[in-house]
Amino acid sequence: MQASLSIALFITYVVILIIGMVQIYNPTFAISTSQAQLIINRGIFGMLCALVQYLLEYICHIKINFAINLSIKLFAFSSLALGEACEFYYKFPIWDELEHFYSGVLFALVGPALVMAVIKNSNLKINILLK
């Protein structure tokens, strides 16, 4: 299930990247070049977010659980795909505040989990406060 979610999100971000490229090279769209470049950047960053689970496992040897992985991907999708590419930031004035709130909650949950995963995989002596 995680692999299919990652593949679906990766394809979504590739489509966003292509839409941004088309908007840069097609002057008939009513969008600025800077907005199209931002959409391209969001597509590239989104592709990395879709693969974050595999990058962490391969590079850092950290395995993250499904809930954290899903939370990261939902945040990336809501901010990158919905927020910028679908223009939710402009259509719904509260969208930015919701994203900032969600990012704070996400960092509060993911941060300690990643610290514990790194500590678990290392041979370092651990301070008693971190146990």
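What pattern does the protein follow, read along the sequence? It goes α-α-α-α-α-α, and the full tally is 6 helices and 0 strands. Keep in mind that you're looking at a predicted model. Of the 131 residues in the protein, 31% are buried. If you take the contacts with a separation of 6 or more, 61% of them are between residues 24 or more positions apart.

**The largest pocket**

- Let's start with the largest pocket, which has a volume of about 320 Å³.
- It is lined by 18 residues, and the closest to its centre are Phe45, Cys49, Ile72, Phe75 and Phe107.
- Which helices each supply at least two residues of that lining? They are H2 (33–50), H3 (52–60), H4 (66–85) and H6 (95–120).
- H4 gives the largest share of the lining, with 6 residues.
- Sort the lining by residue type and you get 15 nonpolar, 2 polar and 1 charged.

**Helix H3, side by side**

- Three residues of H3 are buried: Val52, Gln53 and Leu56.
- Why do these buried residues line one face of the helix? Looking down the axis of H3, you'd see them fall within an arc of 110°, so they share one face.
- As a bit of background, an α-helix has 3.6 residues a turn, so residues three or four places apart point the same way.
- Now turn to the other side of H3, where Tyr58 and Ile59 are exposed.
- The buried residues of H3 pack against four helices, namely H1 (2–25), H2, H4 and H6.
- Right after H3 comes His61, and its phi is positive, near 60°.

**Aromatic rings**

- How many aromatic pairs does a search of the whole structure find? The search turns up 3.
- One of these pairs is Phe75 with Tyr102, whose ring centres are 5.6 Å apart with 50° between the planes, making the pair tilted.
- That pair ties together distant parts of the chain, since Phe75 is in helix H4 and Tyr102 is in helix H6, 27 residues apart.
- Tyr102 counts as partly exposed, at 25% relative accessibility, and Phe75 is one of the residues closest to the centre of the largest pocket.
- Another pair is Phe88 with Phe92: the ring centres are 5.1 Å apart and the planes sit at 75°, so this one is edge-to-face.
- What makes 75° edge-to-face is the cut-off: planes over 60 degrees apart get that label.
- Phe92 is partly exposed, with 40% relative accessibility.
- Phe88 and Phe92 also belong to one aromatic cluster together with Trp95.

**Ser79 and Glu87**

- Ser79 sits in helix H4. Is this residue buried or exposed? Its relative accessible area is 8%, so Ser79 is buried, as the cut-off for buried is under 20%.
- Leaving out residues up to four places away in sequence, Ser79 touches Glu84, Tyr89 and Glu99.
- Where is Glu87 found? Look in the loop between H4 and helix H5 (88–91).
- Glu87 has a positive phi of about 60°, although this residue is not a glycine.
- At 32% relative accessibility, Glu87 counts as partly exposed.

**Far apart in sequence**

- Ala113 belongs to helix H6, and its relative accessible area of 29% makes this residue partly exposed.
- Along the chain, Ala113 and Ile64 are 49 residues apart, while their C-alpha atoms are separated by 8.3 Å.
- Ala67 has its place in helix H4 and is partly exposed, with a relative accessible area of 48%.
- From Ala67 to Val110 you count 43 residues in sequence, and the C-alpha to C-alpha distance is 9.7 Å.

How values were computed: Residues numbered from 1 in each chain as written. Predicted model: local features only at pLDDT ≥ 70, side-chain atom pairs only at ≥ 80, totals over all residues. Heavy atoms only, no water. 1 Å grid on protein atoms, 1.4 Å probe; cavity = no way out; pocket = protein on both sides within 12 Å on 5 of 7 lines; lining within 4 Å. Points joined across faces, edges and corners; volume = space filled by probe spheres on them. Nonpolar A, V, L, I, M, F, W, Y, C, P; charged D, E, K, R; others polar. Buried < 20%, exposed > 50% of the residue type's maximum accessible area, 1.4 Å probe, protein only. Arc of directions from axis to C-beta. Contact = heavy atoms within 4.5 Å. Phe/Tyr/Trp six-rings, centres within 6.5 Å; stacked < 30°, edge-to-face > 60°.
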